Amino acid sequence: MSWRDQYQVGSFRGVAFRTESHERTGGRRIASFEFPGRDTPLTEDLGRRQQQFSIDCHVIGPDYVGPRDELIGALEAEGPGLLIHPWHGQLQAVVQEFTSSETTEEGGICRFRITFAESGQAVTAPIAAPSGQASSVAADAQQAALPEQFDQRFSIDDAAGFVEESAARLISGITDISQYAASLQGGIGPALRAFDAGLRYLPANISSLLRAPLNLANAIIGLVGAVSLIGASTRGRIGALLRLVDWEPGDSAVPLLTPSRRIEADNSAALLWLFHTAAAGELVRNAALAPFSSYDEAAATRDAIADRLDRLALAAADRGDDDGAAGFDTLRRALVRDIASRSISLARLYTIQTDASEPALAIANRHYGAAGIEARAADLAARNHVAHPGFVPGGREIQLVTIGAGK
C-alpha cells in the first residue's frame, strides 16, 4: 500500500487544514552520571521521550477567513484535543505553539506552522499492582492492524446508492451507542472534549470517509478510544465498553438476493467487526489494569469479558472469518493471563451468617483482630451495602475478605 493510500486529511478538534510538510521528534529520556576518579559514566534510561509533531499547513479559499479563525480557536483552546495527523493517524495532543502568516502577494491563504506534543493520560493508582503487559501488547498489535484489515473488507466503489446509505445508517448507530455509553460515565475535561470532537467528526465527514476506508477505520477506532478515557472510574469505563461490545444493530439481516445486497451485507459485517474489535481491545486493556480489591472481583470481571470474547469469536467463525475469530481469542488469552498473574495475591471473599445486630467494628475485631480495625470495618460496611456501620443487621449473610498477601 502506497503512502498516498494511507494519507488522510489533517485536522485538530475537528477543524481541517491542508498539510504541506511535517517533522516528528522523539527519542529516549537519558540521565547521565559522572563520578570522581572513574572514567566511565553511568547512564539510566528513564523511558520514551514525549513525541512532538511540527506541521506546516494552510487554509485557503475566497472565504478563508472563517476557517482561519476556526483553526486558531481550536489551537488556542484549553487542554488536549484529537489530532488527525496526515501520516501518523489519530492521537491526543496539546498545542505547544503555532505561528500564522498572511501576505498581500499571496491573498486568500493563511499559512500555519504548528507544534503539537502527545498529551498522554492521567493514571489512577490501583489497589493491586498492575501488570497488564500481555493485554496491552495484544490490544496494541490488533489496533495497529485494524485499519488495513478494514480497508480490505469494506468498499462502496461502483455500488448502488442504497449500499452507501446502509453503511451510513450503521455508522449513525455506532455513534449513538458510543454517545450513550459515554453519557453514563459523565466525565469532564480533555477526555470529554476529545470524545465530543470525535463524535462530531464522523457524521460531518461521512460521505468522504465512506470512500476512504482507512480514514473511516481510524475515526471509529478513535471514537472508541475516546469512550475508554472518559470518567475517573475504571469500573465505569469497563461498563461503558461492555455496552459497545454487546451492541448489535436493530435490523442487521440483509437478504442476499443480488450482488449489491451481498456488498451491503459484507460492508455491514466489516463495520460491526471493526467496532466490536476496537471496543474489545480497549475493554481488555482497561480490565487488565483495573484496581481489583479481591480475587472474586477480578475473577468475575475476567469471566464476564471472556464470555463476550468467546461469543464474538464464535460469531466470526460462523461467518467464515477465521482471522477475526483468532483475534478475539488472542485478546481473551491475554486477559486471562494478566488477571491470573495479578489476582493470585489478592484477598478472597467468604460468607458468614450474622446471628444478631452489632457494629461493624465488633465483627471486624472478631474476624481480623485489632490491627487496622477501622479500615476493615469500613470495607465490611461498604462491601455489604450496610446503611450505618454501627448497625449491621442480624440474620443475614455478609461477605468478608481474607487477610492475604494482597491486603
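# A tour from helix H9 outward

Begin by selecting histidine 276, which is found in helix H9, a helix that covers residues 259–288. Before going further, keep in mind that what is on the screen is a predicted model. Histidine 276 counts as buried, since its relative accessibility is 4%. Show the residues around it and, leaving aside neighbours within four places in sequence, you will find histidine 276 in contact with Leu244, Val245, Trp247, Glu248, Leu312 and Phe328. Valine 245 deserves a second look, because its backbone oxygen lies 3.4 Å from a polar atom of the histidine 276 side chain, which is within the 3.5 Å allowed for a polar contact.

Stay in helix H9 and select glutamate 282 together with arginine 285. These two residues form a salt bridge in which the closest N and O atoms are 3.5 Å apart. Both of them lie in helix H9, three residues apart, or about one turn of the helix. An α-helix has 3.6 residues a turn, so residues three or four places apart point the same way. Are glutamate 282 and arginine 285 buried or exposed? Glutamate 282 is buried, and arginine 285 is buried as well.

## Helix H8 and its surroundings

Next, select helix H8, residues 234–246, which has 13 residues. At 1.5 Å a residue this helix should span 18 Å, and its end C-alpha atoms are indeed 18 Å apart, so the expected span and the model agree. Colour its buried residues, which are Thr234, Arg237, Ile238, Ala240, Leu241, Leu242, Leu244 and Val245. Two of these, Leu244 and Val245, are among the contacts of histidine 276 listed at the start of the tour. Which helices do the buried residues of H8 pack against? They pack against helix H4 (161–183), helix H7 (213–227), H9 and helix H10 (295–318).

To follow the link from H8 to H10, select aspartate 246 and arginine 308, whose side chains meet in a salt bridge with an N to O distance of 2.9 Å. This pair links distant parts of the chain, with arginine 308 in helix H10, aspartate 246 in helix H8, and their positions 62 residues apart in sequence. Arginine 308 has a relative accessible area of 22% and is therefore partly exposed, while aspartate 246, at 34% relative accessibility, also counts as partly exposed.

Then select arginine 302 and aspartate 303, a pair that forms a salt bridge with its closest N and O atoms 2.9 Å apart. Aspartate 303 counts as partly exposed because its relative accessibility is 36%. For one more stop of this kind, select Glu20, Glu106 and Arg111, which are linked in a network of salt bridges. The count of salt bridges in the model comes to 19.

## The strands

Now move to strand S6, residues 81–85, where five of the five residues are buried, so that the strand is largely enclosed by the rest of the structure. Show strand S1 (residues 10–12) beside it, and you will see that S1 and S6 pair in the antiparallel sense over two bridges. If you select serine 11, its bridge partner in S6 is isoleucine 84.

Add strand S7, residues 89–101, which runs antiparallel to S6 and is joined to it by five bridges. S6 and S7 form a hairpin, with three residues between them. Within this pairing, leucine 83 stands opposite leucine 91 in S7.

From here, select valine 15, whose place is in strand S2, residues 15–25. With a relative accessible area of 8%, valine 15 is buried. Not counting residues up to four places away in sequence, valine 15 touches Gly10, Glu70, Leu71 and Ala74. Measure also from valine 15 to proline 67, since the two are 52 residues apart in sequence but 7.9 Å apart in space, C-alpha to C-alpha.

## Two cysteines

For the last stop, select cysteine 57 and cysteine 110. Why is there no bond between cysteine 57 and cysteine 110? The sulfur of cysteine 57 is 8.9 Å from the closest cysteine sulfur, that of cysteine 110, and this is too far for a bond. The count of disulfides comes to zero. Cysteine 57 counts as buried at 0% relative accessibility, and cysteine 110, at 0%, counts as buried too.

Conventions: Residues numbered from 1 in each chain as written. Predicted model: local features only at pLDDT ≥ 70, side-chain atom pairs only at ≥ 80, totals over all residues. Heavy atoms only, no water. Helix = DSSP H or I, 4+ residues; strand = E, 2+ residues; numbered from the N terminus. Buried < 20%, exposed > 50% of the residue type's maximum accessible area, 1.4 Å probe, protein only. Contact = heavy atoms within 4.5 Å. Polar contact = N/O pair within 3.5 Å; in protein donor to acceptor, adjacent residues only side chain to side chain. Expected span 1.5 Å × (residues − 1). Pairing = 2+ DSSP bridges. Salt bridge = Lys/Arg side-chain N within 4 Å of Asp/Glu carboxyl O. Disulfide = S-S within 2.5 Å.
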